[in-house]
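Here are some notes to read alongside the structure. Have it open while you go through the points.

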Amino acid sequence: MALKSIKDVVKTVKRPEKILQFGEGGFLRAFVDWQIDIVNEKTDFNGSIVIVQPLEKGMIDAMNAQDNLYTTVLRGMKDGKPTVETRAITSVSRSINPYTNYDDYIALASSPDLRFLVSNTTEAGIRFDTEIDGVPVTLDQKPQKNYPAKVTAFLYKRFQAFKGDTSKGLILIPCELSDQAGLNLRINILRYAEMWQLGPDFINWFDEACDVCSCLVDRIVPGYFPLLAKEENGKTQAENLCEKLGYEDKLLDSAELFHFWVIESKKSHEDELPLVKAGLQVKWVQNMDYYHTRKVRILNGAHTSSVLAAFLAGSNYVQDIVCSEKVGSGFNTPNADAQKFMHDIIFNEIVPSIDGDQEDLKKYAQDVWTRFQNPFNPHRLIEISLNSVAKYWTRCLPSVLQSVKKNGSVPKLLGFSIAALIAFYNGTEIKENAKGQKCLISKREEGEYENLDTLPVLEFFAALNKETKDAKVIANKVLSNVDFWKEDLTKVAGLEAAVAGHLESIQKNGMKVALANIVK
């Protein structure tokens, strides 16, 4: 028997429309909209979200077809066990395509209930364009294609509607994956205000009445597609979930259990948006540098410093390193040496290298370790390896240098991770793959793999590997490459000798033996 639609089972709730959201993708729906649903349940916020489609094509029609109801499927490890939590989301009131329904969209600028604006248009969306496809970006377009231009025009309409009333400003929280998203959005709004000659009164109103925040968002949201995987009964995970829920939902949105949101603002807006009161993992701060450093160095740094060695030793997924729960995924038996390497590099070297509350850092690191064990979201190591040189510079090198500064010696495992990075780029030939991407054809015991990075990086390693196999020469050439590291790393006491020694061990014994030796 066919299942009923979610809109026939879950009731919509009419609330004042307090939040305008640019973006209907899986991330915002499983992060912001999920949190607002909880805020409505646990506090007196009583507000709904209007979603605006940023691009001409999107999934607004699918949202409206289900009365903007959908289910989040949170999956991960909890209390040592694989856990699935579902929630029917009722926080979205309606969805609008401004390219076909401009009047309803712009009418929101005059709404006295509206207070917040959130977005995720990708970092590339926050830019300044004077023209797009040869067409000037103007104030009277309905709407502008450029996102900051849309926001500027919307705010100007609001400024006019309320005659400059400073109590009617908006709090803007761009959730693009950049720690400077708020600053960049604010700068571009002011540039459009100047280009369109909107006048000093509007600019003063914007500065006084509106708060443009930056934020750090932390939740892995694979979305719908992982739910298409077949299970033992031959049905997809999505089909089996819907049967358990008792309704059909074409907008299921999967994410991990963990969530964390840091919002950097002039002042806390918790009194208006009670996220913390609702029990959510949210912090309002005036400076989020510490939290940005914590995430990049521990979460991202653990990946980049560990997975290249694990991949060369035969692992293919993060879960091959840390996860004992299969959940039908077919992971390999966890690599005990790679597991100890990743664990110890996080807790014994990365965490102590960071300035700050060590107990807080250890707690976050433990959360990261648990997240890595999530058996529901297989994460391929070869995908993590993309652009590893640039990633190592931002994510890992600060931990290496800070550790040397604090302890006066090169950290053993992080030093080995640099050698593993060099060993990962072991090819001599650059080819174009099936997707038309330039790649360095490299080798491990299990066979060849495509190493993807910028062309200058690939060309550097291809030429170096043709020139010599001498570990000392290779270590010197790589560490002294200022284009990679923005400094000459051979000047860091003991680093060149340590990396050369580790690289020689990898060349002589292979990664599996070298990795086993380094963690003993």
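1. One cut-off before anything else: a residue is called buried when its relative accessible area is under 20%. Keep in mind, too, that this is a predicted model.

2. With that cut-off, take strand 3. Of its nine residues, eight are buried, so the rest of the structure largely encloses this strand.

3. Which strands pair with strand 3, and in what sense? Strand 4 pairs with strand 3 in the antiparallel sense, over nine bridges. Strand 12 (residues 253–256) pairs with strand 3 in the parallel sense, over four bridges. If you want landmarks, look for Thr 72 opposite Arg 87 of strand 4, and for Leu 74, whose bridge partner in strand 12 is Ala 255.

4. Have a look at the hairpin that strand 3 and strand 4 make. Two residues sit between the strands, and Asp 79 has a positive phi there, near 55°.

5. Now helix 8 (residues 237–245). Its buried residues are Gln 237, Ala 238, Asn 240, Leu 241 and Cys 242. Strand 3 (70–78) and strand 4 (81–89) are among the elements covering them, so to speak of the hairpin again is fair here. Right after helix 8 comes Gly 246, with a positive phi near 90°.

6. Elsewhere there's an open sheet of six strands, ordered 5-2-1-6-9-10 and paired in parallel. Strand 5 (92–96) and strand 10 (211–212) are at its edges with a single partner strand each, so each has one side without a neighbour in the sheet.

7. Within that sheet, strand 1 (residues 17–22) and strand 6 (residues 116–119) run parallel and are joined by four bridges. Phe 22 has Ser 119 of strand 6 as its bridge partner. Helix 2 (residues 26–42) lies across strand 1, strand 2 (48–52), strand 5 and strand 6, and runs at about 170° to strand 1.

8. Last, a helix pair. Helix 16 (residues 412–424) packs against helix 21 (residues 511–519) at an angle of about 170°, and their axes are 11 Å apart. That angle makes the two helices roughly antiparallel. What kinds of residues make up the contact of helix 16 with helix 21? Seven are nonpolar, one is charged and none is polar. Helix 16 brings Lys 412, Leu 413, Phe 416 and Ala 420, which meet Met 511, Ala 514, Leu 515 and Ile 518 of helix 21. As for the spacing, an α-helix has 3.6 residues a turn, so residues three or four places apart point the same way.

Definitions and conventions. Residues numbered from 1 in each chain as written. Predicted model: local features only at pLDDT ≥ 70, side-chain atom pairs only at ≥ 80, totals over all residues. Heavy atoms only, no water. Buried < 20%, exposed > 50% of the residue type's maximum accessible area, 1.4 Å probe, protein only. Contact = heavy atoms within 4.5 Å. Axes fitted to C-alpha atoms, helices over the stretch in contact; angles between N-to-C directions. Parallel < 35°, antiparallel > 145°, perpendicular 65-115°, else oblique. Nonpolar A, V, L, I, M, F, W, Y, C, P; charged D, E, K, R; others polar. Pairing = 2+ DSSP bridges.
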